[in-house]
Amino acid sequence: MSVIAIVLALSAAVAHAAWNIIAHNVSRAGVTFLWWGAVASTVLWIGVIPFTGGLGTDDLAGFALGVGVSAVLHVLYMSVLQRGYQVGNLSTVYATARGSGPFLAVIVAMLLLGERPSAAALIGVGLVIVGVVAVGFVDRPPAGARRGIDPAVLFGLLTGVMIATYTIWDAHAVREWSLSPVAFMVGTTLAQVPFYTFAVSRRWAAVRELGRREWRRILVFGVLSPLSYILVLQAITLAPVALIAPLREVSVVLVSLFGAFVLRESRPAWRIAASVVVVAGVVLIAL
């Protein structure tokens, strides 16, 4: 696998972890934060497009189709994720989604995109996914007596399906129409604004209050969240989606280690052990 692709994917993970650490409290505001996030991302990055290859293509119809479908998929992803957080345990939803999403993306990439990673790389993918899921379940409380399917697991799996879907579509769009990652990302966030505007149409007071109180963290999100995805989009132009999708989830481990060593969260040994598993997986992918 290309060293540049690995660096891009791991840099994306660092950027993603950074904005989650800095803006984790404000991100819990739900759709009001999502509105600000889409607007901030678009405004802060749209001026970069002329310096990064423009749209990357003259096929405006292809560009519009690519970003339009991606925007819908990302909105659906956020809707399912937020619903999961409402009905289930957060750590379970997050772990299930972040483990199943890359797994499904690997399978679909091999079936539909014709990707054929080496045996060592596939073992590495498996280790990364196992490590990410282990991190997510560190703080999971005992399930207790439950009947039927845990809603947290159910919505986590649905979220994983959405992660795999938008990952495969975005990879296809960027490759098929030779789209610039920056332009594609800006187009996608811009296309999400109307959806979130409709969702907050009766909550503008809350939107204004959040912007006034948390503008610094919103700006951090507006810079780092798009950056993390731009790096991923660039990486998938250089390497198989089956390898990039799991690597981007290293961000989960980084956030967990921050929680263990800085916030003094529980079970640091478990977190470190899971991180070692992820690192072993990254090494195998890089071979």
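**View 1. Who lines the second largest cavity in this predicted model.** By class, the lining of the second largest cavity breaks down into six nonpolar residues, one polar and two charged. The names to look for are Thr-167, Asp-170, Tyr-229, Val-232, Leu-233, Ile-236, Ile-244, Ala-245 and Arg-248. Three helices each chip in at least two of the lining residues: helix 6 (151-176), helix 8 and helix 9 (241-248). The space they enclose comes to about 40 Å³.

**View 2. The largest cavity, with its own mix of residue classes.** Here the volume is about 70 Å³. Around the largest cavity sit Ala-12, Ala-13, His-16, Arg-98, Ser-228, Tyr-229, Val-232, Arg-248, Glu-249 and Ser-251. Helix 1 (3-23) and helix 8 (204-235) are the elements that give two or more residues to this lining. Sorted by class, the lining has four nonpolar, three polar and three charged residues. Keep an eye on Tyr-229, Val-232 and Arg-248: they line the largest cavity, and they turn up in the lining of the second largest cavity too. If you're keeping a tally, the structure holds two cavities of 30 Å³ or more.

**View 3. The second largest pocket, set among helices.** Now for an open site: the second largest pocket has a volume of about 160 Å³. Helix 2 (31-45), helix 3 (60-87) and helix 7 (181-199) are the elements that give it two or more lining residues. The lining itself runs through Gly-30, Val-31, Leu-34, Val-75, Met-78, Ser-79 and Gln-82, then picks up again at Phe-195, Tyr-196, Phe-198 and Ala-199. What about charge? There are no charged residues in the lining of this pocket, which divides into eight nonpolar and three polar.

**View 4. A nonpolar patch out on the surface.** Five names to find here: Phe-103, Ile-107, Leu-111, Leu-112 and Leu-113 form the patch. Together, these residues have about 510 Å² of accessible area. Leu-113 is worth a second look, as its place is in the loop between helix 4 (90-112) and helix 5 (119-136).

**View 5. Zooming in on Leu-113, a partly exposed member of the patch.** Why does Leu-113 count as partly exposed? Its relative accessible area is 31%, and partly exposed covers the range between the 20% and 50% cut-offs, so Leu-113 falls in that class. Patch members need over 30% relative accessible area, so the 31% of Leu-113 clears that bar.

Notes:
Residues are numbered from 1 along each chain as its sequence is written. This is a predicted model: local features need pLDDT of at least 70, side-chain atom pairs count only at pLDDT 80 or more; totals for chains, interfaces and linings use all residues. Side-chain values use heavy atoms; hydrogens and water are left out. On a 1 Å grid over the protein atoms alone, a cavity is a set of points where a 1.4 Å probe fits but cannot get out, and a pocket is an open set with protein on both sides within 12 Å along at least five of seven lines; lining residues have an atom within 4 Å of a point. Grid points are joined across faces, edges and corners, and a volume is the space filled by probe spheres set on the points. Helices (H or I, at least four residues) and strands (E, at least two) are DSSP runs, numbered from the N terminus. Ala, Val, Leu, Ile, Met, Phe, Trp, Tyr, Cys and Pro count as nonpolar, Asp, Glu, Lys and Arg as charged, and the others, Gly among them, as polar. Patches are made of residues with over 30% relative accessible area and no salt bridge: like charges are joined within 9 Å, nonpolar side chains (Val, Leu, Ile, Met, Phe, Trp, Tyr) within 5 Å. Accessible areas come from the Shrake-Rupley method with a 1.4 Å probe; for residues, only the protein chains shown count as cover. A salt bridge is a side-chain nitrogen of Lys or Arg within 4 Å of a carboxyl oxygen of Asp or Glu. Buried means under 20% relative accessible area, exposed over 50%, partly exposed in between (1.4 Å probe, protein chains only).
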